[in-house]
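Work through the following exercises with the sequence and the 3D structure at hand. Each task is followed by a solution in steps.

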Amino acid sequence: MPGNTDNLYWKENIRILTILLSIWFVVSFLMSVIFVDQLDAIRIGGFKFGFWMAQQGSIYIYVILIFIYLKMMDKLDRKYHHEEKDILAEEEAAGE
Amino acid sequence: MSLQTWTYLTVGLTFILYIGIAVWSRASSTKEFYIAGAHVPPLANGLATAADWMSAASFISMAGIVSYMGRDGSVYLMGWTGGYVLLALLIAPYLRDFGKFTVPDFIGDRYYSQLARMVAVVCAIFVSFTYVAGQMRGVGVVFSRFLEVDINLGVLIGMGIVFFYAVLGGMKGITYTQVAQYCVLIFAYMVPAVFISILMTGHVIPQLGFGSELNESFGGGYLLDRLDGLHEELGFAAYTSGVRSHLDVLFITGALIMGTAGLPHVIIRFFTVPSVRAARKSAGYALLFIAILYTTAPAIAAFARTNLINTVSNAEYVSMPSWFRTWENTNLISFEDKNGDGRIQYVADPAVNELTVDRDIIVLANPEIAQLPNWVIALVAAGGLAAALSTAAGLLLVISTAISHDLLKRNLMPDISEKQELLFARIAIFFAVCIAGYFGINPPGFVAQVVAFAFGLAASSFFPAIVLGIFSTRMNKEGAVSGMVCGIVFTAIYIVYFKFINPAADNADHWWLGISPEGIGTLGMFLNFAVALLVCRFTAPPPQDVQAMVLDIRVPGKPD
């Protein structure tokens, strides 16, 4: 049966997802598509900002979002003692 | 050494490498054959996923497409990377915790229904075949252009190589060859990009050169301003502004993103790592490795476009450099002197324009246009082959597991032994390679059109079914199946109508709400979600053990 801590863990997980996916949505659809012409008024070097977001910035932010997610979930897993056994590291240690 | 010798040498060496890896990584159990024994370290899986994902289309065609679409090309750049955020956050960790072999495994078990399993099998096979036909063709094209062998012979050689390591090593062989293939393809992509960036802007990093000032010999000023100016002069829309409506761009990007997150050959890569944490981490690595190519592509697009216009516009035909003639011979460039002045008019107006340029030229001829040494050009050939073969192998494995595991073992013949299942998997991959090769040699005319189909289908079927299966304990088989069927049927009818029945009407005036067939998958996805949630309210909740399974996969680290 699902324990109470599992419910709390899941709620915090959903909160993390909501924050990160909101950023993802704003970056992908608002900044790079809907408001791209308005953002183009801002210039960074040779780039119009909206154009840069659509062809460069959004992709960098996607990569960063996944690594932030990894860190936040590591913290959450430690808090609820859900760390998994590192099978590969154990085998390596046993082999030596 | 001549270009020919360099190319044979480079391609030959990479092929020996792939075969060596195959011999070293033979699979002896179904677990090794299907998911590499769930023993792949996250970094290796990230590399393999990146190679699996980046196909002949990404390597050869994407920079060219972006260079002709300008800002609108961002639909592919964001569409084919943004899905990894959804994969990492909404799908990969939970399916890894589920811990079986295939996507139909999850759909069938989660929705306790053989019907759902079969719908998933049919979708997985259809989507994968659609894709693999294009890869085999890509192999043939690279062979014929760089090695001057017949396209068909090129396809046969490619089939032989994939067959060897896929049949022998299954997922295990495929994974480690993909790691090698990623290294080959990214090196081959970056070397010419760095050279051309230094040549035109003095920047070593193409992503920075993209936003910098041109060297004096190229006319100075910011690259993108110069490109916008050239476009205006010739009557094209400004490079940094879009032609398509925001709504359509939004829907196409959405369909490609959700499609990416629902493609079975990408999802199963996350079954191969040892833990949930490793699944999250390898999604991050995968996107990082993909992003290197995907942020370089738009830079190459702008460099090459500027370079091309500078070289050809209003220049005398007789004074064209040698690469122009080389690619004229392959019909990728053609010139028709309409006004008879001996000069090339390259303009937007089709009545006056005299030059037709195939989009693939942008990557394939880039090293020659930048006058790079022969070994760099040979590298591009090896890179194109690595991109095509790695994607083909991943897709063929999905087809083979769908047949041997999902159709036979989990449905029609549950009593077969593991040894028999492994044999069936190898036979299935043999036939899949043959069918893929057949489509490579006799490409159906509709390959380009069905790519929209593959993404639309994945977005409107798998993506909602998987996400609901994880995030709603209440979702039942009635809801999921009716959602998938409505999503697929709606998307399929819309695409078939505009691509096959009435292609003449395929323009913004006739599209429903101004949404192109490429973007309709997004609407199909919403329809799937809506129908599934509605039907599920009026039907019985799923059995207790299924609900318990859903709660279990939400929490990592629990014993199975």
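**Exercise 1. The nonpolar core**

Which residues touch the most other members of the largest nonpolar core?

Solution. The model is a predicted one. Its largest nonpolar core holds 217 residues, and B:L185 and B:L396 touch the most other members. Next, list the contacts of B:L396, leaving out residues up to four places away in sequence: B:V132, B:V162, B:A166, B:I429, B:A432, B:V433 and B:A436. As background, nonpolar side chains in soluble globular proteins tend to be buried together.

**Exercise 2. The two chains as folds**

Determine for each chain whether its radius of gyration agrees with that of a compact globule.

Solution. Start with chain B, which has 23 helices and 2 strands. For 560 residues a compact globule would have a radius of gyration near 24 Å, and chain B agrees because its own value is 24 Å. Its C-alpha trace spans about 80 × 55 × 40 Å along the principal axes. Of its 560 residues, 59% count as buried. Among the contacts in chain B with a separation of 6 or more, 81% come from residues 24 or more positions apart.

Now take chain A, with 4 helices and 2 strands. The order of its elements from the N terminus is α-α-β-β-α-α. The globule rule gives 12 Å for its 96 residues, but the radius of gyration is 20 Å, so chain A is more spread out than a compact globule. Along the principal axes its C-alpha atoms fill a box of roughly 55 × 40 × 15 Å. Buried residues make up 29% of the 96. Of the contacts in chain A between residues at least 6 apart in sequence, 49% join residues at least 24 apart.

**Exercise 3. The contact between the chains**

Which helix gives the most residues to the side of chain B that touches chain A?

Solution. Count the two sides: 43 residues come from chain B and 38 residues from chain A. On the side of chain B, α5 (74–98), α10 (223–234), α11 (246–262) and α13 each supply at least two residues. The most come from α13(B), with 12 residues. Sorted by class, this side of chain B has 23 nonpolar, 13 polar and 7 charged residues.

Then look at a residue of α13 itself: B:P298 lies in this helix, which covers residues 276–312. B:P298 counts as buried because it has 28 C-beta neighbours inside 10 Å, where 20 or more are needed. Sequence neighbours up to four places away aside, B:P298 touches A:Q55 and A:Q56 as well as B:V66, B:G73, B:L77 and B:F210. B:V66 is 232 residues away along the chain, yet the two C-alpha atoms are separated by 6.4 Å.

**Exercise 4. Helix α20**

How many of the residues of helix α20 of chain B are buried?

Solution. The helix covers residues 462–471, and 9 of its 10 residues are buried, so it is largely enclosed by the rest of the structure. Among the buried residues are B:F462, B:F463 and B:P464.

**Exercise 5. Positive phi in two loops**

Is B:L513 buried or exposed?

Solution. First note the backbone: phi of B:L513 is near 60°, a positive value in a residue other than glycine. Most residues other than glycine have a negative phi. B:L513 is in the loop between α21 (477–501) and α22 (520–537) of chain B. With 10 other C-beta atoms within 10 Å, B:L513 is exposed.

For comparison, B:N314 also has a phi near 60°. B:N314 sits in the loop between α13 and α14 (322–329) of chain B. B:N314 counts as partly exposed because it has 13 C-beta neighbours inside 10 Å.

Key. Residues are numbered from 1 along each chain as its sequence is written. Chains are lettered from A and ligands numbered from 1 in the order in which they are written. This is a predicted model: local features need pLDDT of at least 70, side-chain atom pairs count only at pLDDT 80 or more; totals for chains, interfaces and linings use all residues. A residue is buried if 20 or more other C-beta atoms lie within 10 Å of its own, exposed if 12 or fewer, and partly exposed in between; C-beta atoms are placed from the backbone. Two residues are in contact if their C-beta atoms, placed from the backbone, lie within 7 Å. The radius of gyration is taken over C-alpha atoms; the globule rule is 2.2 Å times the number of residues to the power 0.38. Ala, Val, Leu, Ile, Met, Phe, Trp, Tyr, Cys and Pro count as nonpolar, Asp, Glu, Lys and Arg as charged, and the others, Gly among them, as polar. A nonpolar core is a set of buried Ala, Val, Leu, Ile, Met, Phe, Trp, Tyr and Cys residues joined through C-beta atoms within 7 Å.
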